[in-house]
Structures are given as structure tokens and as C-alpha cells.
2 protein chains.
Amino acid sequence: MNKNEKALYKAKAAVFKALGHPTRLYMAEQLAGGERCVCEFVRVIDADFSTISKHLNILKQAGIVEDEKRGLNVYYKLKVPCILNSMSCVEAVISAQLQSQIDLIK
Amino acid sequence: MNKNEKALYKAKAAVFKALGHPTRLYMAEQLAGGERCVCEFVRVIDADFSTISKHLNILKQAGIVEDEKRGLNVYYKLKVPCILNSMSCVEAVISAQLQSQIDLIK
DNA sequence: GGGGTGTTTGGTAAAATAGCCAAATACTTT
DNA sequence: AAAGTATTTGGCTATTTTACCAAACACCCC
């Protein structure tokens, strides 16, 4: 594996990594329904607003969302909406995993 | 957000998190081409075999792969192959991100 | 300009992750 | 049963991530 390939795997992994936190995944899913301002997340998520802001920044750095300031609020939206297409398969993974565990008990 | 919802986001995020490491993503992609034994990864990946084994275990815990011992070797394969369908979109994220950076320079 | 609201940034402590080495385990071959 | 190969496990350290608090910043309204 050469240097460029390595860099590509690192970049791709970074996208998954960004979605690999419950709060960030939740926010990404919310954004699939259209843009949201930070204030809306602050109302719904039980965490300090600085924490929420930092999570949004991680999604932004990963290239998943983009932000726009309008007046007092900052609005975030998905930059590449297809990223959530994988969700049904992720749910399939979880189902399969639960099934494995059930089989183990039997 | 209730307790069950939280648990679900955590489980889904765990799948992304597992893929959020270059080595693990590489291994998952290799497995898309069919099962591989640990020894094959050991030959190709520049890391201690204990490290490789631990990465495979993380993929297993996440429900992405399953393993089977045959003779002296342990073979891993994708449990839910659709998980790599998202890759084209991940590449789109990276492209879009590079484009943003190019636009910034201009 | 001063006060108020929304958001980001900086600092810090706790927890999680990654990678290496050494040792243990599992199976095969002799 | 002894020796050899493949893999996992345990232990340790360095690094990264997470979350909170406090402070700074940005914008709006009076």
C-alpha cells in the first residue's frame, strides 16, 4: 500500500469516524430533514452548548455538513446528503448482531 | 430523546466508529472481495499481528464481520456486505471537501 | 454604546483508543 | 509429547477524544 492509498484510507475513515459518535450521528440524521440552527440542537440535546458546537465542527471538518450564519444564529445543513443512505444497512448490522446474540443464548 | 432511542444511536454510531480507522476500513474493503485469514492481513499490513487481531475484533464486536476457525487459521468475512455501499458517497464527501478547499484558495 | 442572546474558543481533567511487546492459547506436524 | 505456526490476550504507555466551565466573540436591539 503506497502513500497515496494510505492517505485515501485515512480520509475515508475520517468520514466514518465523524459519524461514529451518538450525538453527531443524531445531528446528521436531523439535518437530513433540512437545515437546523445550533440553538435547536441546544434545546434538544442534553449537553453543554460548547460541546454541541464542537461536535458540529467535527462534522464540518469531515466535510459532512456546512454552516451559514444568518443574523444571530448559525445554521447547519448536510453538504452531501447521500451519506445517510447507509443507515438502513447499519440498522441491518445491528439486527444481525442481536440475532447472533439470541442464537448464542439458545 | 428517551433511553431506547439513545441506545439505538449509540449502537448505530458504534458501527461507524468501527469503520472510522484506516486499517479497519481497509480490512473491511478487502473482505468485500471475499473472506481472508488473519495471516493474509498480517502479510500486507505494516503493524504488529496483535494490533491487527485487535482491529479485527473491534469489527467483530461492531457486528460488521464474523470469524471462523479452520485448522490453524482464522478466517474473517463480512457479515453484512451492504455496509460498503456507502463508500461511493464517502468518496463524494472527500471530493466535495477538496473542492471547497480549492475554492478557498482562488 | 450598553446589554442581551447565540455561538465559538481555550483550558483542563477524565476516559477511551492505538500500538507495541511478551505471554498464553489453539491447532498441526513430526 | 515436543516443536512449530497462527492467533488472541494481557499489560503498559502515548495519544486522542470527550465534556465541562469560563471567557471571548458576533450580532441585534434599545
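**Figure 1. Disulfides of the predicted model.** Four disulfides are counted over all chains of this predicted model. A disulfide is a covalent bond between the sulfur atoms of two cysteines. The close-ups that follow treat three of the pairs individually, beginning with A:Cys37 and A:Cys39, then A:Cys82 with B:Cys89, and finally A:Cys89 with B:Cys82.

**Figure 2. The disulfide of A:Cys37 and A:Cys39.** The sulfur atoms of A:Cys37 and A:Cys39 are 2.0 Å apart and form a disulfide. The angle about the S-S bond is -55°, which gives the link of A:Cys37 and A:Cys39 a left-handed sense. The two partners are unlike in accessibility: A:Cys37 counts as buried because its relative accessibility is 3%, whereas A:Cys39, at 27%, counts as partly exposed. A:Cys39 also faces the nucleic acid, since it is listed among the residues that come nearest to DNA strand C, and a polar backbone atom of A:Cys39 is 2.7 Å from a phosphate oxygen of that strand.

**Figure 3. The disulfide of A:Cys82 and B:Cys89.** A:Cys82 is joined to B:Cys89 by a disulfide with an S to S distance of 1.9 Å. A:Cys82 belongs to the loop between S3 and helix H5 (87–105) of chain A, and B:Cys89 to helix H5 (residues 87–105) of chain B, so this pair joins two chains. With 85° about the S-S bond, the link of A:Cys82 and B:Cys89 is right-handed. The loop residue A:Cys82 has 28% relative accessibility and therefore counts as partly exposed; the helix residue B:Cys89 has 7% and therefore counts as buried.

**Figure 4. The disulfide of A:Cys89 and B:Cys82.** A disulfide is formed by A:Cys89 and B:Cys82, whose sulfur atoms are 1.9 Å apart. Here A:Cys89 lies in helix H5 of chain A, while B:Cys82 lies in the loop between S3 and H5 of chain B, so the pair joins two chains. The link of A:Cys89 and B:Cys82 is right-handed, with 90° about the S-S bond. A:Cys89 counts as buried at 6% relative accessibility, and B:Cys82 counts as partly exposed at 27%.

**Figure 5. Relation of chain A and chain B.** Two copies of a chain are related by a rotation about an axis and a shift along it. Chain A is superposed on chain B by a rotation of 180° with 0.0 Å of shift along the axis, at an RMSD of 0.1 Å. That is the relation of a two-fold axis. Of the interface residues of chain A, 100% are also interface residues in chain B, so the copies meet through the same surface.

**Figure 6. The protein surface near DNA strand C.** There are 24 residues around DNA strand C, and those that come nearest are A:Cys39, A:Ser53, B:Lys17, B:Ser50 and B:His55. At least two residues of this surface are supplied by each of helix H3 (38–44), helix H4 (49–61) and strand S3 (73–78) of chain A, and by helix H4 (49–61) of chain B. H4(B) gives the most, with five residues. The surface near DNA strand C has 10 nonpolar, eight polar and six charged residues.

**Figure 7. Polar contacts with DNA strand C.** Sugar or phosphate makes up 61% of the atoms of DNA strand C within 4 Å of the protein, and the rest belong to bases. A polar side-chain atom of A:Asn73 is 2.9 Å from a sugar or linking oxygen of DNA strand C. A polar backbone atom of A:Val74 lies 3.2 Å from a phosphate oxygen of DNA strand C.

**Figure 8. The protein surface near DNA strand D.** Among the 24 residues around DNA strand D, A:Lys17, A:Ser50, A:His55, B:Ser53 and B:Lys54 come nearest. Of the atoms of DNA strand D that come within 4 Å of the protein, 61% are accounted for by sugar and phosphate. H4 of chain A and, in chain B, helix H3 (38–44), H4 and strand S3 (73–78) each supply at least two residues of the surface. H4(A) provides the largest share, five residues. By class, the residues near DNA strand D are 10 nonpolar, eight polar and six charged.

**Figure 9. Polar contacts with DNA strand D.** An N or O atom in the side chain of B:Lys54 is 2.7 Å from a base oxygen of DNA strand D. Phosphate oxygens of DNA strand D are approached by A:Arg24, through a side-chain N or O atom at 3.3 Å, and by B:Val38, through a backbone N or O atom at 3.4 Å.

Key:
Residues numbered from 1 in each chain as written. Chains lettered and ligands numbered in written order. Predicted model: local features only at pLDDT ≥ 70, side-chain atom pairs only at ≥ 80, totals over all residues. Heavy atoms only, no water. Near = heavy atom within 4 Å. Polar contact = N/O pair within 3.5 Å; in protein donor to acceptor, adjacent residues only side chain to side chain. Helix = DSSP H or I, 4+ residues; strand = E, 2+ residues; numbered from the N terminus. Nonpolar A, V, L, I, M, F, W, Y, C, P; charged D, E, K, R; others polar. Least-squares fit on C-alpha atoms with pLDDT ≥ 70 in both. Contact = heavy atoms within 4.5 Å. Disulfide = S-S within 2.5 Å. Buried < 20%, exposed > 50% of the residue type's maximum accessible area, 1.4 Å probe, protein only.
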